Amino acid sequence: MKTIFILLTFCFLHNASAKVYTIKAGKHFPQGIHFAPFIGNEISRVIKFDDTAEYYLGNVNQYDINKLFGFVDCLSHHHSNSVRFGWVWNDQTQRLEIHGYTYAKKKRSYLYISDVALNRSYEYKIQVKESEYVLSVNGKSVSLPRGCKMKKAIGYRLYPYFGGDEVAPQEIRIEFDKK
């Protein structure tokens with residue numbers, strides 16, 4: 001009995017820092033206000049997508065990059081200077097693709113990083129360098145341009161967002177756990 005109590009306590013404490021962001025059908029953002037300043041050289045999260053990340057739009061917007069997390073940099077706006085991970089459900093390959101996604105001096109760039117499995121946790125890390133960001137997941141990394149040369153990134157955090165033109169076709173849940 002004592003072993004079961006310890007195990008249940010460990011499971012509760014282990015998941016105490018987990019947060020599930022739920023984007024409702026017909027919406028772009030999770031419900032609630034999500035705002036926090038960011039000052040630093042690195043951010044990492046352990047993230048798990050469940051089966052709700054598999055979606056079908058039936059048009060070219062299927063391949064728009066949805067946003068996962070990141071931050072605004074250079075004391076600016078997210079369409080001026082920012083870095084994020086993005087994700088796409090590729091209906092052709094039946095895989096969840098992870099991309100790096102940045103704005104540097106209002107110029108958007110993105111690069112495919114890796115596929116990730118549903119219902120499995122991965123560490124996602126963004127490192128700030130002098131003139132670039134290094135984004136890593138699943139043992140793979142890409143570098144994308146940075147719009148300023150400040151010693152630290154200064155801005156605000158960016159949270160999950162579905163779409164560009166499209167809203168979420170169904171409820172989508174993404175579990176975040178601080179590393």
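**Exercise 1. Is Lys24 buried, partly exposed or exposed, and what is its relative accessible area?**

Before we start, note that this is a predicted model, in which local features need pLDDT of at least 70, side-chain atom pairs count only at pLDDT 80 or more, and totals for chains, interfaces and linings use all residues. Residues are numbered from 1 along each chain as its sequence is written, and side-chain values use heavy atoms, with hydrogens and water left out.

*Solution.*
- Step 1: recall the classes, computed with a 1.4 Å probe on protein chains only: buried is under 20% relative accessible area, exposed is over 50%, and partly exposed is in between.
- Step 2: Lys24 has a relative accessible area of 39%, so Lys24 is partly exposed.

**Exercise 2. Find the salt-bridge partner of Lys24 and follow the network around it.**

*Solution.*
- Step 1: apply the criterion, a side-chain nitrogen of Lys or Arg within 4 Å of a carboxyl oxygen of Asp or Glu. The structure holds six salt bridges.
- Step 2: one of them joins the side chains of Lys24 and Glu171, at 3.3 Å from N to O. This pair links distant parts of the chain, 147 residues apart: Lys24 sits in the loop between strand 1 (18-23) and strand 2 (37-40), and Glu171 in the loop between strand 11 (153-158) and strand 12 (172-178). Strands here are DSSP runs of E with at least two residues, numbered from the N terminus.
- Step 3: Glu171 also meets Arg173 in a salt bridge, at 3.2 Å from N to O.
- Step 4: put together, Lys24, Asp50, Glu171 and Arg173 are linked in a network of salt bridges. Glu171 is partly exposed at 31%, and Arg173 is partly exposed at 30%.

**Exercise 3. Describe the salt bridge of Glu130 and the exposure of both partners.**

*Solution.*
- Step 1: Glu130 pairs with Lys149, with the closest N and O atoms 3.9 Å apart.
- Step 2: Glu130 lies in the loop between strand 8 (121-128) and strand 9 (132-137), and Lys149 in the loop between strand 10 (140-145) and strand 11, so the pair ties together parts that are 19 residues apart in sequence.
- Step 3: Glu130 counts as exposed at 53%, and Lys149 is exposed at 60%.

**Exercise 4. Work out the surroundings of Asn66.**

*Solution.*
- Step 1: Asn66 belongs to strand 4 (residues 66-72). With a relative accessibility of 1%, Asn66 counts as buried.
- Step 2: list its contacts (heavy atoms within 4.5 Å). Leaving out residues up to four places away in sequence, Asn66 touches Tyr55, Phe85, Gly86, Trp87, Val88, Tyr161, Phe162 and Gly163.
- Step 3: look at the side chain of Asn66, which reaches the backbone nitrogen of Gly163 at 2.6 Å.
- Step 4: Asn66 also helps to line the largest cavity, with Tyr55, Phe162 and Gly163 among the other lining residues.

**Exercise 5. Characterise the lining of the largest pocket.**

*Solution.*
- Step 1: the largest pocket has a volume of about 310 Å³. Of the 19 residues that line this pocket, Phe29, Arg84, Leu158, Tyr159 and Tyr161 are the closest to its centre.
- Step 2: on a 1 Å grid over the protein atoms alone, a pocket is an open set of points where a 1.4 Å probe fits, with protein on both sides within 12 Å along at least five of seven lines; a cavity is a set from which the probe cannot get out, and lining residues have an atom within 4 Å of a point. Grid points are joined across faces, edges and corners, and a volume is the space filled by probe spheres set on the points.
- Step 3: strand 11 gives the largest share of the pocket lining, three residues.

Conventions. Helices (H or I, at least four residues) and strands (E, at least two) are DSSP runs, numbered from the N terminus. A polar contact is a pair of N or O atoms within 3.5 Å; within protein, one must be able to donate a hydrogen and the other to accept it, and residues adjacent in sequence count only if both atoms are side-chain atoms.
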